Amino acid sequence: MMSTTLSVPGEHLENCEVRIGDSWEDKVQHVIYIWRGAGMSISGVRTCGDYMFSGHTAVLTVLNLFVCEYTSSKLKFIQTLSWSLNFFGAFFILAAHEHYTIDVIVAFYITSRTFAYYH
């Protein structure tokens, strides 16, 4: 996770942290700080970055894949609705400027491939 950070595309960010020092020790100290807080703002980590793939898209995709895998093949309407909602959800995640397009694509790809591997 530490090597796949990107800047957040959202325009709502204010008071981003100043750039960390250029020394090797400062960078290692900053990585430890983010790792200790699990990279989450709820634990006090404040950065102007995001991780490579969208967790929002991953959750939508997993839900969609479970619905399609475990519903009867007679319920094509439910499966079609699930796929539609998955793609609309990804579109609205992008429209809200919370993730880059590559974040959403990579999340869909990784999630669907992992699901297919286990099923």
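**A walk through helix H4 and Gln79**

Let's begin with H4, whose buried residues (under 20% relative accessible area, 1.4 Å probe, protein chains only) are Asp103, Val104, Ala107, Thr111, Ser112 and Phe115. They sit on the same side of H4, because they cover an arc of only 145° around the axis, judged by the directions from the helix axis to the C-beta atoms. On the face turned away from that buried side you will find Ile105, Tyr109 and Tyr117, which are exposed, that is, over 50% by that scale.

This is a predicted model, in which local features need pLDDT of at least 70 and side-chain atom pairs pLDDT 80 or more, while totals for chains, interfaces and linings use all residues. Residues are numbered from 1 along each chain as its sequence is written, and side-chain values use heavy atoms, without hydrogens and water.

Stepping back, the protein has 4 helices and 2 strands, taken as DSSP runs (H or I, at least four residues; E, at least two) numbered from the N terminus. Their order along the sequence is β-α-β-α-α-α. Of the 119 residues, 24% are buried.

Now turn to Gln79 in helix H3, which covers residues 76–95. Gln79 is buried, with a relative accessible area of 12%. Beyond its neighbours within four places in sequence, Gln79 is in contact (heavy atoms within 4.5 Å) with Cys68, Thr71, Ser72 and Ser73. With Thr71 there is also a side-chain to side-chain polar contact at 3.1 Å; such a contact is a pair of N or O atoms within 3.5 Å, where, within protein, one must be able to donate a hydrogen and the other to accept it, and residues adjacent in sequence count only if both atoms are side-chain atoms.
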